[in-house]
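Welcome! Here is a short guided tour for anyone meeting this protein for the first time. Please take a moment with the picture before reading on.

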Amino acid sequence: LELGAAAQVLSHGPLGLAAAASGTLQDALTLIARYLGLRAPWLTLSLHNDGARLALVLTPLPELAASRRTLLEAALVMLEQLIVALSARDAAELVIELPWAPPDWARHYASYLRAHCRFVPAATVARMTLPPGLAAAPVLSADPAALAYARAECQRRLAEGAAGRELRAAIRLQLADPRGPWPDAATVARRLGRSLRSFHRDLAAEGIRWQQLLDEARCERACVLLTETRRPIAEIALE
């Protein structure tokens, strides 16, 4: 909650500038959903409009399940602040659905989120719903020239990083499966339809090393096993 509150709209680089320069709030949110990977590759944002209300659905990557609540709390605070800053509307008009039971610190939510918060333990995603008409509200700092520049810069950065992010994500998915032994580089390359030589060449082009990705995956799995199971530390270390 504190992390989300510390972020400012323009601290998000060209994406923040593009949002602040958009014509309407829905335009800004559409841009954020499209280019969110530039700032928060661990999260996806999708927009759903039923004709009366716009709903924003936030979903973190599955492998970050242990951190889901922390990440979504921060993202929801940032998103609420952004909506208020761009539209100058009261956040109390918003409704947020949180996919967990009320935590011990639930009383602190009101200090960071003015929206009406509902705890829905059976839900699998976090949802923020805007009241009718808010999505069409004009952005106070709309600037077509600044928007064109910022959107072009977002597109350029997305194109530059897409290949590296896609390869890294594909490898991490292969390493995220907890069943069986850790695969070696040749096995992962074969699963991704690449030769071992081109696999290492593409990693090098992105400034990535296979051993680095493997070490990260081992560390992440160790952290999960240490915090979520009662298995002996020696057994976890061996795995």
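## First look

A residue is called buried when its relative accessible area is under 20%, and exposed when that area is over 50%, with partly exposed in between. Buried residues, counted this way, make up 36% of the 239 residues in the protein. Please keep in mind that this is a predicted model.

The protein has 10 helices and five strands. Along the principal axes, its C-alpha atoms fill a box of roughly 55 × 45 × 30 Å. If we take the contacts between residues at least 6 apart in sequence, 60% of them join residues at least 24 apart.

## The outside and the charges

About 13300 Å² of the protein is exposed, and carbon and sulfur atoms supply 56% of that area. As for charge, there are 27 positive and 24 negative side chains. The centres of these two sets lie 4 Å apart.

## Following strand 2

Strand 2 is a good place to begin exploring. It covers residues 54–60, and six of its seven residues are buried. Which way do strand 1 and strand 2 run relative to each other, parallel or antiparallel? Strand 1 (residues 43–49) runs antiparallel to strand 2, and seven bridges join the two. To find this pairing in the model, look for Ser46, which stands opposite Val57 in strand 2. The two strands form a hairpin with four residues between them. In the turn you will meet Gly51, which has a positive phi of about 100°.

Strand 2 has another partner too: it pairs with strand 5 (residues 126–129) in the antiparallel sense, over four bridges. Here Leu58 stands opposite Ala126 in strand 5. As general background, side chains in a regular strand alternate between the two faces of the sheet.

## An aromatic pair

How many aromatic pairs does a search of the whole structure find? There are two. One of them is formed by Tyr109 and Phe119, with 5.6 Å from centre to centre and 85° between the planes. That angle makes the pair edge-to-face, because planes over 60 degrees apart are counted that way. Tyr109 lies in helix 5 (residues 109–112) and Phe119 in strand 4 (residues 116–119), so the pair ties together parts that are 10 residues apart in sequence.

Are these two residues buried or partly exposed? Tyr109 has 3% relative accessibility, so it counts as buried. Phe119, at 25% relative accessibility, counts as partly exposed.

Definitions and conventions:
Residues numbered from 1 in each chain as written. Predicted model: local features only at pLDDT ≥ 70, side-chain atom pairs only at ≥ 80, totals over all residues. Heavy atoms only, no water. Buried < 20%, exposed > 50% of the residue type's maximum accessible area, 1.4 Å probe, protein only. Pairing = 2+ DSSP bridges. Contact = heavy atoms within 4.5 Å. Areas by Shrake-Rupley, 256 points an atom, 1.4 Å probe, with all protein chains shown as cover. Lys, Arg positive; Asp, Glu negative; His and termini not counted. Charge placed at Lys NZ, Arg CZ, Asp CG, Glu CD. Phe/Tyr/Trp six-rings, centres within 6.5 Å; stacked < 30°, edge-to-face > 60°.
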